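Please open the model in your viewer and keep the selection panel at hand. The tour goes from one helix pair to the next and ends at a pocket.

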Amino acid sequence: MTTTPSADDLNAARLLLGQMQDLLAHTGPSSNVPTFADYVPRVLAGMPATKTAVDYKYPLGRIAAAWPDRRIDEPTPTEFKTLIAELVHNRQMRRNDVGGRGTARKAISAIRKLYDFAVDDGYVRPEHNPGAKLAKPRMPPSRRRALSREQLIEINRAAAESSDDPELDTLILRLHTETACRRGGALALREVDLDPAHCLIPQPDSGTASTSKRHHAWADTGSSYPTQPRSTSALPAH
């Protein structure tokens, strides 16, 4: 004969199951869970050699120096917030400093990456990942802005009147104004790249500017030019 469990029986069973889950989650800490001093170098070695990995190296190194003998499953989100605040306080001040937000964002990204590895390796359960509980501070609006027409005219006038090579300098200014190419693109430009028929370099260019660049031909360099066209990636768009 089957009996229907009472509400009290169901609540007691749920409580027991919850306690068992908590017990399983915290059993056997871990002799096998690595310390920060041991795990941080392994994580850094496992990252591809990119600028992002370089950015992670400093904050992760600071964490390993602060907690060399602690297991990676021990610190709480609050402890990480305290450590991040210390990194922000001791940051190298730069001209474009925005109150340490960049330092905090890089540190949090590095912590998240560390614990992505730890979760994948089975050292930390996803629900106990402290990196997932750290919120990145918002960055302020960019200070970059376009030059006004008056400012651009003044810059060109100054280059024409005070430069050692007014023709070349005003030509370079016109190149940047008309194509929005970056410095690397301008330095990599070759005569063979100019297309006066279509006013391209291969970015849009006025006919007069294109013709001027061909006539100028960077004569001062005495460089020889290849006959094959180059990749468009040498003149990246802004």
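Axes here are lines fitted to C-alpha atoms, for helices over the stretch in contact, and angles run from 0 to 180 degrees between N-to-C directions. Helices (H or I, at least four residues) are DSSP runs, numbered from the N terminus. This is a predicted model, in which local features need pLDDT of at least 70 and side-chain atom pairs count only at pLDDT 80 or more, while totals for chains, interfaces and linings use all residues. Residues are numbered from 1 along each chain as its sequence is written, and side-chain values use heavy atoms, with hydrogens and water left out.

Begin by selecting helix H2, residues 36-46, together with H3; their axes come within 9 Å and cross at roughly 165°. H2 and H3 are therefore roughly antiparallel to each other, a term used for angles over 145 degrees, whereas 65 to 115 counts as roughly perpendicular, under 35 as roughly parallel and the rest as oblique. The crossing of H2 and H3 is left-handed, meaning that the near helix is turned anticlockwise from the far one by less than a right angle, with clockwise giving right-handed. Now show side chains: Phe-36, Ala-37, Val-40 and Leu-44 of H2 meet a set in H3 that includes Tyr-56, Lys-57 and Leu-60, where contact means heavy atoms within 4.5 Å. This contact has 8 nonpolar, no polar and 1 charged residues; Ala, Val, Leu, Ile, Met, Phe, Trp, Tyr, Cys and Pro count as nonpolar, Asp, Glu, Lys and Arg as charged, and the others, Gly among them, as polar.

Keep H3 and add H5, whose axis lies 9 Å from that of H3 at an angle of about 75°. That makes H3 roughly perpendicular to H5. Among the residues that meet here are Asp-55 and Pro-59 in H3 and Lys-106 and Leu-114 in H5.

Next, select helix H4, residues 77-89, which packs against H5 at an angle of about 140°, with the axes 9 Å apart. H4 and H5 are therefore oblique to each other, and H4 passes H5 in a right-handed crossing. In this contact, Phe-80, Ile-84, Leu-87 and Val-88 of H4 meet residues of H5 including Thr-103 and Tyr-115.

Finally, turn to the largest pocket, an open set of points on a 1 Å grid over the protein atoms alone, where a 1.4 Å probe fits, with protein on both sides within 12 Å along at least five of seven lines; lining residues have an atom within 4 Å of a point. The largest pocket is lined by 20 residues, of which Gln-92, Arg-94, Gly-102, Thr-103 and Lys-106 lie nearest its centre. The largest share of this lining, 5 residues, comes from H5.

Note on methods. Helix = DSSP H or I, 4+ residues; strand = E, 2+ residues; numbered from the N terminus.
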